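Trainee: I'd like to learn how to read a helical model without getting lost. Could you take me through one, feature by feature?
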Amino acid sequence: MNKQNFRKFAVFLLIPLHLILAYLFTTGNHSGTFYLLSVLLVLLADFVLSFWLTEVMTSRRNSIRVFASDFLPHFWLKLVMIAAEGVLMHVICKGKYGLLDTGFGYLLAYAAAVASMLLSALVTFVTGAARTMLYHDEKGETK
């Protein structure tokens, strides 16, 4: 698998992190600090992965339209992941044939996963758009 294909599908590396988070939320009796740190770790991983996948800090795009067209597949992939994780967590954590018979914990973990994915997508887009505008201004000044 070459680097571009890996970069396209590396966002799926978040699914195991989100499932571990669901497992932590549904089993065990940890402290609130442990849960907070685990959610922040997943959020940080999502930010790092989103910035890496969209090449926000290394690309030399000269228009926001180009950045938006490059960002859109990443955003759609995040929405597909949100739907897929919802189904996966429902199958694993709930129902008559689920692996874990849990209540509210998996919903809380799913909400944390959805919030982290949407927040990272928003921050990635805003950062990428701002950086694109700055690069465009710098490029315009040097001519």
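Trainee: Let's start with a pair of helices. At what angle do H2 and H3 pack?

Mentor: Keep in mind that this is a predicted model. To read a pair, look at the angle between the two axes, taken in the N-to-C direction. Here helix H2 (residues 14-26) and helix H3 (residues 32-54) pack at about 170°, and their axes are 11 Å apart.

Trainee: Which way do they run relative to each other, roughly parallel or roughly antiparallel?

Mentor: Anything over 145 degrees goes down as roughly antiparallel, so H2 and H3 are roughly antiparallel to each other. On the H2 side the contact is made by Leu14, Leu17, His18, Leu21, Leu24 and Phe25. H3 brings Phe34, Tyr35, Ser38, Val39, Val42, Ala45, Asp46 and Leu49.

Trainee: How do the residues of that contact divide into nonpolar, polar and charged?

Mentor: Eleven are nonpolar, two are polar and one is charged.

Trainee: What about the helices themselves? How far does each of H2 and H3 reach from its first C-alpha to its last?

Mentor: The trick is to compare the reach with what 1.5 Å a residue would predict. H2 has 13 residues and reaches 18 Å, close to the expected 18 Å. H3, with 23 residues, reaches 33 Å, and that is close to its expected 33 Å. Just after H3 comes Glu55, which has a positive phi, near 50°.

Trainee: Which residues of these two helices are buried?

Mentor: In H2, they are Leu14, Ile15, His18, Leu21, Ala22, Leu24, Phe25 and Thr26. For H3, the list is Tyr35, Ser38, Val42, Leu43, Asp46, Leu49, Ser50, Phe51, Leu53 and Thr54.

Trainee: Can we zoom in on one of those? Ala22, say: what does Ala22 touch beyond its sequence neighbours?

Mentor: First check accessibility: under 20% counts as buried, so Ala22, at 1%, is buried. Then skip the neighbours within four places in sequence, and you find Ala22 in contact with Met89 and Ala109. You can also look at C-alpha distances: Ala22 and Ala112 are 90 residues apart along the chain, yet their C-alpha atoms are separated by 9.2 Å.

Trainee: And Leu43 in H3: which residues does Leu43 touch?

Mentor: Leu43 has a relative accessible area of 19%, so it still counts as buried. Not counting residues up to four places away, Leu43 touches Ser116 and Leu119. The C-alpha atoms of Leu43 and Met117 are separated by 7.7 Å, with the two positions 74 residues apart along the chain.

Trainee: Now a side chain with polar atoms. With which side chain does His74 make a polar contact?

Mentor: For these, look for a suitable N or O pair within 3.5 Å. His74 sits in helix H4 (residues 64-93), and its side chain makes a polar contact with the side chain of Ser50, at 3.4 Å. Beyond its close sequence neighbours, His74 is in contact with Val11, Ser50, Leu53 and Thr54. At 8% relative accessibility, His74 counts as buried.

Trainee: H4 also holds Lys78. Is Lys78 buried or exposed?

Mentor: Buried, because its relative accessible area is 1%. Leaving aside neighbours within four places, Lys78 is in contact with Val11, Leu14, Asp46, Ser50, Met117, Ser120 and Ala121.

Trainee: What about Gly128: which helix is it in?

Mentor: Gly128 is in helix H5 (residues 104-142), and at 3% relative accessibility it counts as buried. Gly128 touches Val56 and Phe67, apart from residues up to four places away. Its C-alpha is 8.4 Å from that of Ile64, 64 residues away along the chain.

Trainee: And a loop residue, Asn62: where does Asn62 sit?

Mentor: In the loop between H3 and H4. Asn62 counts as partly exposed, because its relative accessibility is 34%. The C-alpha atoms of Asn62 and Arg131 are separated by 9.6 Å.

Trainee: Last one, the whole chain. How many helices and strands are there?

Mentor: Five helices and zero strands. Buried residues make up 36% of the 143 residues. Of the contacts with a separation of 6 or more, 74% join residues 24 or more positions apart.

Terms used. Residues are numbered from 1 along each chain as its sequence is written. This is a predicted model: local features need pLDDT of at least 70, side-chain atom pairs count only at pLDDT 80 or more; totals for chains, interfaces and linings use all residues. Side-chain values use heavy atoms; hydrogens and water are left out. Axes are lines fitted to C-alpha atoms, for helices over the stretch in contact, and angles run from 0 to 180 degrees between N-to-C directions. Helices (H or I, at least four residues) and strands (E, at least two) are DSSP runs, numbered from the N terminus. Angles under 35 degrees count as roughly parallel, over 145 as roughly antiparallel, 65 to 115 as roughly perpendicular and the rest as oblique. Contact means heavy atoms within 4.5 Å. Ala, Val, Leu, Ile, Met, Phe, Trp, Tyr, Cys and Pro count as nonpolar, Asp, Glu, Lys and Arg as charged, and the others, Gly among them, as polar. The expected span of a helix is 1.5 Å times one less than its number of residues. Buried means under 20% relative accessible area, exposed over 50%, partly exposed in between (1.4 Å probe, protein chains only). A polar contact is a pair of N or O atoms within 3.5 Å; within protein, one must be able to donate a hydrogen and the other to accept it, and residues adjacent in sequence count only if both atoms are side-chain atoms.
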